[in-house]
Each structure stands twice: as structure tokens, then as C-alpha cells.
Amino acid sequence: QLVESGGGLVEPGGSLRLSCAASGSIFKHYFMGWYRQAPGKQREQGELVANIVIRSGRTNYADSVQGRFAISREDAQNTIYLQMNSLRPEDTAVYYCFADTLGAQRAWGQGIQVNVSS
């Protein structure tokens with residue numbers, strides 16, 4: 001089970017930090033990361049924002065967020081984070097946490113709304 005928190009309304013140029021708490025150790029997962037679904041689109045049409053290889057810590061970012069967003073993990077809290085800085089109106093979306101485990105289907109969080117507007 002994945003539970004997101006930390007979304008909300010922020011002005012352009014502002015920051016938010018999203019959290020994704022996993023039930024159990026995150027080390028049972030290979031990848032974890034964040035997708036986002038823009039208004040009017042299906043989740044399948046969403047954008048992979050960032051992911052992290054849990055064991056190595058290697059990260060990957062979409063070009064649209066490179067240099068503004070940072071994904072990290074807190075092992076003791078079984079949590080990953082998405083620090084979002086210099087937010088833009090086009091970052092407005094529902095953000096979903098996901099976790100990939102070898103031999104299992106991708107797990108998804110319930111989604112959390114981020115609105116960037118003045």
C-alpha cells in the first residue's frame with residue numbers, strides 16, 4: 001500500500017514536497033517513483049516525472065522537471081519524497097506514487113492533487 005501526502009495549492013515559483021509512505025520496507029521494491037496526470041487526461045496518458053532505483057539510489061527525471069524536482073528516499077520511514085521547486089502552472093496535475101516489484105504488478109497510490117496558480 002502506498003499513501004501520498006503533501007499536495008495542495010501553491011503560487012508559481014513556489015515549492016511543495018510530496019511524500020509516499022509504503023507499507024513495509026521500500027527495499028522489497030526495485031523502482032519507486034512519481035507519475036502525474038494533467039487535467040483532462042487519463043492516467044495512462046500521464047507523464048513519468050521521476051523514479052529512483054531503490055538499492056542503488058540512481059535517479060531519473062523527465063526533461064520537463066530536470067533541475068527543478070528531486071526524488072529521494074528515507075529508508076527508516078519507508079518513504080520516498082518528491083521535492084518540487086520553481087513550480088509552474090503546467091505542473092498542475094494529480095501526482096501518483098508507484099512501486100515496481102519483480103514478479104508483481106505495479107502498485108499505485110491513490111493520487112494527490114497539486115495546483116500551481118496565482
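Me: At 17% relative accessibility, does Thr92 count as buried or exposed?

Reply: Bear in mind this is a predicted model: local features need pLDDT of at least 70 and side-chain atom pairs count only at pLDDT 80 or more, while totals for chains, interfaces and linings use all residues. Numbering starts from 1 along each chain as its sequence is written, and side-chain values use heavy atoms, leaving out hydrogens and water. The cut-offs are under 20% relative accessible area for buried, over 50% for exposed and partly exposed in between (1.4 Å probe, protein chains only). With its 17%, Thr92 therefore counts as buried.

Me: Where does Thr92 sit?

Reply: Strands here are DSSP runs (E, at least two residues), helices are runs of H or I of at least four, and both are numbered from the N terminus. On that scheme, the place of Thr92 is in the loop between S8 and S9.

Me: Which residues does Thr92 touch, leaving aside those up to four places away in sequence?

Reply: Contact means heavy atoms within 4.5 Å. Two of the partners are Ala38 and Pro39. The list then goes on with Gln113, Val114, Asn115 and Val116.

Me: And how many Å separate the C-alpha atoms of Thr92 and Thr79?

Reply: Along the chain, these two threonines are 13 residues apart. Between their C-alpha atoms, the separation is 23 Å.

Me: How many strands does the chain have?

Reply: There are zero helices, and the pattern along the sequence reads β-β-β-β-β-β-β-β-β-β-β. The strand count comes to eleven.

Me: What is the radius of gyration of the chain?

Reply: The rule for a globule is 2.2 Å times the number of residues to the power 0.38, and the radius is taken over C-alpha atoms. For 118 residues, that puts a compact globule near 13 Å, so the chain agrees with the rule at 13 Å.

Me: What percentage of the long-range contacts, those between residues at least 6 apart, join residues at least 24 apart?

Reply: Burial first: 42% of the 118 residues count as buried. As for the contacts between residues at least 6 apart in sequence, the share joining residues at least 24 apart is 53%.

Me: How many salt bridges turn up in the whole structure?

Reply: Side chains of opposite charge can pair when their charged atoms come close. To qualify here, a side-chain nitrogen of Lys or Arg must lie within 4 Å of a carboxyl oxygen of Asp or Glu. One example is Arg73 with Asp75, at 2.7 Å from N to O. The search of the whole structure gives a total of five.

Me: Which strands does the Glu47 and Arg36 pair tie together?

Reply: Their side chains meet in a salt bridge at 2.8 Å, N to O. Glu47 is partly exposed at 28% relative accessibility, whereas Arg36 is buried at 7%. The two are eleven residues apart in sequence, so the pair ties together parts of the chain, namely strands S5 (residues 47–53) and S4 (residues 31–37).

Me: How many residues apart are Arg36 and Asp91?

Reply: This salt bridge spans 2.9 Å, N to O. It links distant parts of the chain, with Arg36 in strand S4 and Asp91 in the loop between strand S8 (79–84) and strand S9 (93–100). Both residues are buried. Along the sequence, the gap is 55 residues.

Me: Which residues are linked in a network of salt bridges?

Reply: Arg36 has salt bridges to Glu47 and to Asp91. Written out in full, the network takes in Arg36, Glu47, Arg68 and Asp91.
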